[in-house]
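Q: Could you take one residue of this model, describe its surroundings closely, and then follow the sheet it belongs to from strand to strand? Please explain the terms and cut-offs as you go.

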Amino acid sequence: MTNTLPLDIAGESICKFPVRFAGELRARGPLFFEESLGFWVVSDHELARQLFMHEDFHMSPNFSGNYSSDVFAEKYPTCKQFRDDNPFTDDVRHPLIRKLLVKAFSPSALKRIESQIGAAIQAITRPLLSKPGVVDVAQQIADIIPYAAISAIMGVDRLLQNRDEFLHHAKIMARMIDPTLSPQEREVMEQSAVFMLRELKGLVAMARQQPGEDLISDFLKAADEMGGLTDDDIMYSLMALITTGSTATAFTLTLIVHALLTEHEQRAWLQAHPEQIDQAIEELVRFAHGAKFAYRFCLRDTTFAGQSIRKGDTVLISFAAISNDPQVFDHPERCDFTRNNKEALSFGHGIHYCVGAHVARTEARYLVKSFLDYAPAARVLADGVEWNLFNFLNREISCLPVDTGH
């Protein structure tokens with residue numbers, strides 16, 4: 001299917017008006033080739049569900065026709081090492097990692113993790129939200145939370161003296177899959193990769209010597225009981241969790257606060273029904289999803305949904321489209337905290353369902369709870385809201401000024 005008008009994936013529509021953007025995609029078809037990008041795009045909820053589990057498509061960018069292992073090996077060898085040794089994209093180690101996560105995320109561990117995340121978020125939000133003033137939620141709260149959570153649950157606070165430097169480089173590495181990075185940015189990332197490789201190896205070694213109440217210790221214990229995984233596998237898994245669970249989460253958290261404070265009827269409903277906060281979080285994640293697309297790469301020439309897709313082709317799954325599909329969600333343009341979101345694909349589906357989904361939900365829950373507890377009358381200063389329309393990967397509000405309402 002040929003399109004005469006190029007699809008704008010870095011403009012106002014996809015960022016500010018995702019329902020309108022979703023309609024534009026559906027008008028082109030459930031699966032179409034966008035010539036201006038050289039990518040296939042999925043706009044249909046059911047096709048997305050199938051694609052998430054399809055054996056002919058893989059999530060690793062190593063299978064992209066645009067990826068040159070030789071170029072990466074020459075210019076960015078450590079980034080290539082992290083990219084190639086990601087156990088979540090390795091067909092042999094991935095099932096073992098999934099089994100390890102199930103074992104490590106025991107009920108007691110999840111309870112501890114929730115407590116650690118809650119304490120970390122409260123330390124950030126309470127001083128800012130419990131007094132009069134204006135807070136930039138994007139920069140002062142949402143941008144900090146994922147890294148504070150990582151530091152708390154992985155034991156970085158306990159094991160590392162250079163915590164701030166570690167989190168600085170972790171934030172740089174979180175953009176590793178961004179295809180818009182300039183050569184200069186990739187050079188900076190390579191330096192961060194060298195630092196992170198050294199520090200993560202040391203972190204795992206210290207947790208091995210000094211086990212404690214943290215996720216790395218849990219992983220090591222589970223790996224020892226299972227067998228088949230090395231300490232390096234644990235280290236690369238930690239890097240994958242950092243890169244996939246930080247930046248996108250920060251953008252989603254900002255959007256969630258924006259929705260919470262501008263959907264006045266829904267906020268009032270939640271204030272009257274605080275016991276329904278988990279259901280509200282599911283709707284906020286659907287309604288205010290930060291990621292623009294999920295990626296899949298074709299492993300071999302194949303036919304999918306009646307289209308011939310070649311080996312190496314990139315397929316984008318639009319979260320705007322699948323989260324606002326009217327065949328699945330009644331009046332998707334509405335934020336409705338009473339909605340049943342059991343069909344939502346906000347965290348993917350199948351074997352590659354986001355392993356950090358519980359952590360992301362917990363971060364969102366405690367952030368929303370902070371506003372309900374500390375700033376129940378907070379309001380967005382609309383004139384000061386700024387969007388970064390040129391973020392290729394995510395919908396990003398770069399500045400979200402909020403009056404705390406005190």
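A: Leaving aside residues up to four places away in sequence, Phe 57 touches Leu 51, Arg 296, Phe 297, Cys 298, Leu 299, Thr 302, Phe 304, Ile 309 and Val 315, where contact means heavy atoms within 4.5 Å. The model is a predicted one, in which local features need pLDDT of at least 70 and side-chain atom pairs count only at pLDDT 80 or more, while totals for chains, interfaces and linings use all residues. Residues are numbered from 1 along each chain as its sequence is written, and side-chain values use heavy atoms, with hydrogens and water left out.

Phe 57 belongs to strand β3, which covers residues 57–58; strands (E, at least two residues) and helices (H or I, at least four) are DSSP runs numbered from the N terminus. With a relative accessibility of 6%, Phe 57 counts as buried, a term that means under 20% relative accessible area with a 1.4 Å probe and protein chains only, against over 50% for exposed and partly exposed in between. By contrast with those contacts, the C-alpha atom of Phe 57 is separated by 40 Å from that of Arg 267, which is 210 residues away along the chain.

The sheet to which β3 belongs is open, has five strands in the order β1-β2-β8-β5-β3, and shows mixed pairing. Its edges are β1 (31–34) and β3, and because each has a single partner strand, one side of each is left without a neighbour in the sheet. Strands of a sheet pair through backbone hydrogen bonds, either parallel or antiparallel; here two strands pair if DSSP finds at least two bridges between them.

Starting from the β1 edge, four bridges join β1 to β2 (residues 39–42) in antiparallel fashion, and within this pair Phe 33 has Trp 40 of β2 as its bridge partner. From β2 the sheet passes to β8 through three bridges, and these two strands run parallel; Val 42 is matched there with Ile 317 of β8.

Strand β8 (residues 314–318) is mostly covered, with five of its five residues buried. In a regular strand the side chains alternate between the two faces of the sheet. In β8 both faces are covered, with Thr 314, Leu 316 and Ser 318 buried on one side and Val 315 and Ile 317 buried on the other.

On to the next strand, β5 (residues 293–298) pairs with β8 in the antiparallel sense over five bridges, and Arg 296 stands opposite Val 315 of β8. Arg 296 and Val 315 are both among the residues that Phe 57 touches, which brings the walk back to its starting point.

A second sheet can be read in the same way. This open sheet has three strands in the order β4-β12-β9, with antiparallel pairing. Its edge strands are β4 (134–136) and β9 (379–380), each with a single partner strand, so one side of each is left without a neighbour in the sheet. Three bridges link β4 with β12 (residues 401–403), the two strands running antiparallel, and Asp 136 stands opposite Pro 401 in β12.

A helical residue may be set beside Phe 57. Ser 237 has its place in helix α14 (residues 231–244) and is buried, with a relative accessible area of 3%. Its side chain reaches the backbone oxygen of Asp 233 at 2.8 Å, and, not counting residues up to four places away in sequence, Ser 237 touches Pro 87, Phe 88 and Ile 97.

Terms used: A polar contact is a pair of N or O atoms within 3.5 Å; within protein, one must be able to donate a hydrogen and the other to accept it, and residues adjacent in sequence count only if both atoms are side-chain atoms.
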